[in-house]
Every structure is written in C-alpha cells, then in structure tokens.
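Work through the exercises below with the sequence and the structure at hand. Try each task before you read its solution.

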Amino acid sequence: MTLQANYEQIPLKEYAEHAYLDYSMYVVLDRALPFVGDGLKPVQRRIVYAMSELGLAASAKPKKSARTIGDVIGKFHPHGDSSCYEAMVLMAQSFSYRYPLVDGQGNFGSPDDPKSFAAMRYTESRLSPITEALLGELGQGTVDWVPNFDGTLEEPGYLPVRVPHVLLNGSMGIAVGMATDIPPHNLRELVTACIHLLDHPEANVEKLCTYVPGPDYPTAAEIITPHKELLSLYSQGSGSLRARAIYQCEHAHIVITALPHQVSPSKILEQIAAQMRAKKLPMIEDLRDESDHENPVRLVLVPRSSRIQVSEIMQHLFATTDLEKSFRVNLNMIGLDGRPQVKNLKQILSEWLHFRTNTVTRRLKHRLLKVQRRQHLFEGLHIAYLNLDEVIAIIRHQDEPKAVLMEKFQLSEEQTLYILETRLRQLARLEEIKINTERQQLEEEQAHIQSLLNSPGKLKNLIKQELKNDAKAYGDARRSPLVERKVAQALDESALLASEPVTVVLSQQGWIRAAKGHDVDPERFNYREGDAPLATVNARTTQQVVVMDSSGRSYSTPAHSLPSARSNGEPLTGRFTLPVGARFDTLIAGDPDTRLILATSFGYGFITRIKSLTGRNRAGKQVINLPTNAHILTPQISKDPDHERLVLVTSEGHLLMYPLSELSEIDKGKGTKLINIPKVGLGNNKEQLVAVAIIAQNSGKIILYAGQRTLKLKWDDLLGYAGKRASRGGLLPRGLRRVASMKSTL
C-alpha cells in the first residue's frame with residue numbers, strides 16, 4: 001500500500017518569483033509606505049487604534065506602555081515588541097514628530113540620543129489631543145474593517161483623519177526597490193492650501209506653494225533652499241533641501257540655539273572637537289554644551305580672539321559639520337488606488353480631499369440611516385400612543401401579541417419589537433412629549449443631512465469649516481523659518497592653520513621632517529645610519545613645501561603635515577612616486593605667488609611661481625626639462641623682479657650680471673639661455689653653470705667660494721661684470737676661477 005504524496009511540484013524559478021513578489025508587495029503595502037488617506041503605516045495605525053480601544057484618550061489616565069504594546073502585538077501586529085515599542089516612542093518624541101500622536105510619560109529619549117528611551121515596563125503613555133482628528137469619526141461608518149491576522153477581531157483598514165496627516169508628520173521608509181522620505185509640514189498652511197484647492201480645483205502646484213512654501217520641521221533651524229528649488233521639489237515629488245543651524249553672538253561668544261532636524265548636539269560637539277584636535281580650527285579656543293531644560297540646544301563656541309570673523313568661522317563649520325544638513329525628499333506613498341507612486345503636491349492634496357469627501361459622505365449617510373431608523377421606530381411608537389388601550393389589551397390577552405400588533409396596526413417587525421420592549425414608565429404623558437420633540441429634531445436633522453448630500457457646494461463648505469476648526473484647535477505657527485542662503489563653503493586649509501615658522505630638513509636618503517622655528521641647525525639632528533642632511537628651507541605651517549628631484553619634477557606637500565624633527569622623519573617615497581634612477585634634490589617653500597628662478601647646470605632657466613610647482617599628483621609634475629648630465633641648481637627666491645639683478649657664475653670662472661627683468665616668466669619648460677657656455681669642453685671638465693644668485697639693485701653684494709679661498713664682490717665691483725642676457729660675462733681673477741658656490745648678502 002502506497003501513500004499518495006500531498007504536495008504540488010512546481011519549478012524553483014516559478015516558486016522563487018512568486019515568493020519574492022509576494023514579499024515585495026507585503027513590504028511595500030503593509031510595512032514601509034504610508035497611505036495617502038491617513039498618512040500612517042500599518043504599525044502606526046494599529047498602535048493608535050489599540051490605544052483608543054484601551055480608552056487611552058488624551059483626557060484619560062496613562063497606562064504602562066507594556067500594556068499597550070502587548071495589546072498591539074497580541075491582537076493586531078504580530079511582530080517584535082521592541083520594534084513596535086520603538087515606533088510608538090517615535091510618535092511620542094516632540095523632536096521627531098512635528099505633531100506627536102502619543103503623550104509619553106517617563107524617559108522617551110532626547111535630541112542628543114533619540115534611542116536612549118527607557119524600557120516599556122517603565123514608561124506610560126496615552127494618545128495626544130490631535131489624535132481626536134484621526135479617530136473622532138471611526139465609529140461612524142467611515143472606514144472599511146478588515147480581519148486581524150488570526151481572524152478573531154476586526155481592525156480599521158485606515159483611519160478617518162480630518163487633516164492631511166500624510167504631509168503633517170511626514171514619513172520615512174525603505175521598501176523593496178523604492179523608498180519614501182516625506183518631510184513634516186505646518187497644519188495651518190496645509191489647511192489653507194486644501195481650502196484653496198476646494199475653491200479652485202484647477203490651481204497648479206506653483207499656486208499651492210504660496211500657501212505651503214516648504215516643510216516645517218520640529219526644530220527652529222532655517223531652511224535655506226531657494227524657493228525655486230522648493231517649487232521644483234513639490235512639482236516633481238522628489239528632490240532635496242538644506243537646513244542650517246541658527247546662531248547668535250553673546251559677549252564675543254558664538255551660541256548655537258537651534259540644530260537641523262535629527263541632528264544630535266553631542267555629534268556636533270564631537271565633529272568640532274575633532275577639527276580642533278587636528279589643529280584645523282585654530283580660531284576656536286573652547287567649546288561647551290550649556291543645554292538644559294529651558295534651553296534644549298545651547299552650544300557655546302569661544303573664539304580665540306575678538307578680531308576673528310564669526311561669519312567665516314560659521315560658514316566653515318556649516319560646510320564641515322552637520323550644522324548644515326541636506327535632506328532627501330521623496331513623496332512616495334500608496335494612493336487611493338492602492339498603488340505606490342511618487343506624487344506632487346497637488347496630487348497629494350487632491351487625493352486626500354477626495355478621500356475626505358468620501359469619508360464625510362459616508363459619515364453623513366451613516367448618520368442619515370440612524371436618523372431614519374430612529375424615526376421609523378418613533379412612528380410605530382406614535383401609533384401605539386394613539387391606540388394605547390387596545391395595544392395594552394392585545395399584549396395582555398394574546399398569546400402571540402407580536403403578530404397581532406403587526407397585522408392590526410400595519411407595523412414592521414422592528415417597530416413591533418420596540419413597542420413590546422418599551423417600559424411602562426415611558427407610556428406617561430411627559431414621555432410622549434419628549435418623544436414628539438425628538439421626532440421633530442430628527443426630521444430637521446434628516447433634512448439638513450439630505451441637503452448636504454444633495455448639494456456638492458454645501459458638502460464642500462462643511463469640509464472647509466471642519467478643516468478650519470481643526471486648524472484652530474491643533475495648529476500653530478511655523479517653526480522652521482524659510483531663508484534663502486547660499487550653500488556654505490569650507491575655508492581653505494591654509495586659512496584654518498596657525499601661521500607658525502618651521503624649518504624643513506631633507507636628508508640625503510630622502511627622509512623629511514620639520515622643526516619649529518627658523519633658528520635650527522640641521523647638523524645637530526639625529527639621522528639614520530649612513531644618512532646626513534641634504535637641503536633645508538624656512539617655511540610656515542600655512543605654506544606648501546616643494547621638493548624637486550634630479551629629473552626636473554616637482555612634488556608638493558603641506559608644511560603642517562610633515563613629521564616632527566624630534567624623530568627621524570618619514571621617507572618621501574611614502575608620499576611620492578619617484579621616477580626610476582631619480583633622487584630628491586632640492587627644497588622650496590613660500591606663498592603660491594612667490595617668484596623663483598629655476599636654472600640648470602647647462603645655462604638655461606626661467607622665472608616661475610611656486611603655485612606652478614604644486615599639485616596633488618603623487619607622481620609629481622615635470623617642471624623643467626633637463627638635458628642629459630644636467631642638474632638643477634639651488635632655486636633662488638625673487639621679491640621684486642623689476643629692481644633685482646641676476647648673477648651667474650660658471651665652473652670656469654665666468655661671471656655675468658644683468659637685470660632680472662630680462663628673464664621671461666613661464667610655468668614649465670627648458671627656459672631661455674641665461675649665460676653663454678661653449679658647447680665644446682675639455683673631457684670631464686666641461687664648463688657648467690655653477691651657481692645663481694639674486695641681488696638688490698645698487699646695494700647687493702655676493703660671496704664666491706673657490707676651494708679654500710673666498711671673494712667678496714660689492715655692487716661697484718659687480719658693475720664690471722654687467723652685460724646682456726646670454727652673453728659670456730667677465731672672467732674672474734686668476735686663482736678664483738674654480739668657483740664651487742656663491743651666495744648673496746645684504
């Protein structure tokens with residue numbers, strides 16, 4: 001005997017496809033995206049409904065949050081208690097929700113740490129007053145009821161909200177393949193826009209934006225996005241906006257009083273402190289948090305000097321910290337057709353007004369049915385009053401008085417049962433008067449309801465009046481001011497550093513370091529075994545240090561980033577990639593516009609600026625073209641090219657001086673001929689340019705070093721060697737022609 005298998009075989013591809021699509025639709029519709037009608041996700045809707053069922057209205061005594069969450073997850077939302085409780089806490093945080101739906105008692109977190117709330121066994125909660133605008137019409141036939149997860153109870157598919165809550169508190173969520181980021185808005189502004197749209201259905205988004213100019217966050221931070229961009233955001237349903245903290249000056253201190261939405265004060269202090277530790281905020285001396293109960297946000301920055309431009313400091317902090325924050329906006333929600341869609345402002349308000357019109361219509365029809373039923377019962381009771389003795393006799397003597405009454409007085413079964421259930425004391429004369437009065441009131445109410453249902457204009461006026469009443473009861477002034485400002489730009493790194501003197505030392509093996517001050521003797525430093533100083537340069541921490549290699553390439557690095565001279569430094573090969581066979585030769589430092597002379601041993605060179613030598617390329621940049629066997633001479637700094645002279649000396653003792661203005665200024669290349677050097681040399685003693693110096697016109701002098709001998713030439717002596725650029729120059733005295741180096745002095 002074989003058992004028949006009780007299963008169905010389907011391809012794995014087909015099963016996976018259906019399973020994934022089912023899961024995707026569940027996440028989109030029942031977890032992540034809000035419904036345009038009530039603006040709530042299922043978990044939020046179930047929390048609010050469960051609290052109302054527990055009698056936790058705004059006027060009621062609060063109950064333990066654990067009790068509420070137990071009802072929510074036990075009856076309507078079979079998910080984790082921690083995630084459900086966190087959703088409820090979020091609705092109770094005034095710094096997270098523009099209009100909180102839950103009134104929490106106890107620790108419900110703080111702006112500094114929104115997730116620092118106490119466990120649900122310690123806190124108590126109830127609904128906030130504004131939830132009356134969400135739940136007030138729930139039992140009036142306004143919603144569709146659906147079974148809960150196990151089919152034992154019913155829950156509302158949506159709430160009959162009287163205000164456009166989908167934009168009121170906003171929403172955030174990530175679904176499968178889509179997300180939503182709806183910012184909060186001001187109730188009064190939304191109501192004004194809805195009323196205008198009711199009166200002018202043809203109004204466009206631009207017109208509606210005159211009533212809803214932008215989001216309204218729970219904080220007082222400025223929204224600095226231009227109106228044109230906000231209009232584009234509301235027209236397309238997606239985009240971004242920027243919010244900026246508010247600060248003021250008090251007794252030379254900078255006091256930050258408001259932060260962008262969901263920005264933690266402790267995080268701001270941490271970001272600023274990190275820059276201070278990295279010495280990137282030398283103008284700030286101290287910072288402290290003076291926030292308290294009366295001042296939820298009060299961050300104090302103490303400038304180092306009263307001469308510091310506060311606006312520049314704040315612009316830099318806006319650009320480098322969360323004091324200025326960008327918010328993504330994606331108005332994605334589930335529409336009345338049950339499908340997710342990114343909607344513009346008019347679509348959202350139009351759909352909500354359609355939803356509200358249907359809700360009010362259902363409410364009126366529901367009330368009309370109740371009024372008509374009550375009237376129907378009173379009509380039967382009125383017949384009973386007119387024939388009271390006969391009715392009493394039938395009830396006393398007939399075995400089946402119900403059937404007899406229905407046949408005798410042409411009553412319906414419902415009317416007959418109502419007469420039979422009427423108490424004896426209601427047969428008094430005064431009770432008859434009360435019933436007749438109520439009948440008259442019901443007739444008037446029925447006429448009023450029917451006039452509303454039959455007149456779209458009156459129905460529209462009713463919706464407008466209810467919107468105005470709710471705006472008056474629960475609305476408030478805008479919190480987030482709209483101020484158009486440019487996006488903040490960070491200050492240049494050099495402007496943030498303290499300008500301190502340093503001496504940069506390069507060793508023969510390519511190790512670099514920096515010592516504080518300019519009175520530094522590199523010979524006294526400790527070097528690695530076999531190493532020795534090669535070049536030094538005086539710089540400042542705000543400047544770039546340029547390193548030239550033997551191939552004519554330049555590399556730059558900030559002076560403040562160099563290691564301390566107390567160590568052996570660090571190898572430049574860790575910062576730069578050196579060509580094969582090249583070595584680091586020379587150091588240069590100065591401001592970007594500083595002019596300098598680059599010359600090669602073959603007698604060519606040009607004027608350039610330090611900014612032409614700097615860059616972020618790890619491989620450097622080719623600045624001067626070097627012929628084979630040529631090398632770069634020590635660069636010379638020029639302060640005033642129009643009043644300076646260039647002095648050149650060759651290895652054969654030829655000296656030439658001419659105005660520096662005769663030399664051209666270029667960014668890179670071979671340069672022009674500086675001095676005439678014959679191409680034919682004698683073996684390895686071929687003549688080369690040995691040194692270059694710059695002296696002040698009419699007052700400069702130089703010192704020549706030839707072996708053990710030196711020669712000082714003053715201005716008058718140098719005039720004998722004056723000539724034109726690229727000439728041969730004069731010959732030095734015998735015995736001083738083998739010049740090794742030269743320097744200029746004051």
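Asparagine 698 sits in the loop between strand S31 (689-696) and strand S32 (701-706). Helices (H or I, at least four residues) and strands (E, at least two) are DSSP runs, numbered from the N terminus. Residues are numbered from 1 along each chain as its sequence is written. The model is predicted, so local features need pLDDT of at least 70 and side-chain atom pairs count only at pLDDT 80 or more, while totals for chains, interfaces and linings use all residues; side-chain values use heavy atoms, with hydrogens and water left out.

**Exercise 1. Describe the backbone and the exposure of asparagine 698, then of alanine 252.**

Step 1. Phi of asparagine 698 is near 75°, a positive value in a residue other than glycine.
Step 2. Asparagine 698 has a relative accessible area of 55%, so it is exposed. The classes are buried (under 20% relative accessible area), exposed (over 50%) and partly exposed (in between), with a 1.4 Å probe and protein chains only.
Step 3. Turn to alanine 252, in the loop between strand S10 (246-250) and strand S11 (253-258). Its phi is near 70°, again positive in a residue other than glycine.
Step 4. Alanine 252 is exposed, at 54% relative accessible area.

**Exercise 2. Find the partner of arginine 162 and say whether the two residues are buried or exposed.**

Step 1. The partner is aspartate 470: the two side chains meet in a salt bridge, 3.0 Å from N to O. A salt bridge is a side-chain nitrogen of Lys or Arg within 4 Å of a carboxyl oxygen of Asp or Glu.
Step 2. Locate both ends. Arginine 162 is in the loop between strand S5 (154-156) and helix H6 (165-168), and aspartate 470 is in helix H17 (residues 456-474). The pair links distant parts of the chain, 308 residues apart.
Step 3. Arginine 162 is buried at 12% relative accessible area. Aspartate 470 is buried too, at 5%.

**Exercise 3. Trace the salt bridges of glutamate 222 and aspartate 593.**

Step 1. Glutamate 222 pairs with arginine 485, the closest N and O atoms being 2.8 Å apart.
Step 2. Glutamate 222 lies in strand S8 (residues 222-223) and arginine 485 in the loop between H17 and strand S17 (501-507), so the bridge ties together parts that are 263 residues apart in sequence.
Step 3. Glutamate 222 is buried at 12%, whereas arginine 485 is partly exposed at 38%.
Step 4. Aspartate 593 pairs with lysine 611, with 3.1 Å between the closest N and O atoms. This bridge ties together parts that are 18 residues apart in sequence.
Step 5. Aspartate 593 is partly exposed, at 45%. Lysine 611 is partly exposed, also at 45%.

**Exercise 4. Widen the view: how many salt bridges does the whole structure hold, and which residues form a network?**

Step 1. A search of the whole structure finds 40 salt bridges.
Step 2. Glu250, Asp286, Arg288, Glu290 and Arg298 are linked in a network of them.

**Exercise 5. Give the strand order of the open sheet that contains S1.**

Step 1. The order is S1-S3-S2, with antiparallel pairing. Two strands pair if DSSP finds at least two bridges between them.
Step 2. Strand S1 (63-64) and strand S2 (102-105) are the edge strands, since each pairs on one side only.
Step 3. S1 and strand S3 (residues 124-127) pair over two bridges. Lysine 63 stands opposite serine 125 in S3.
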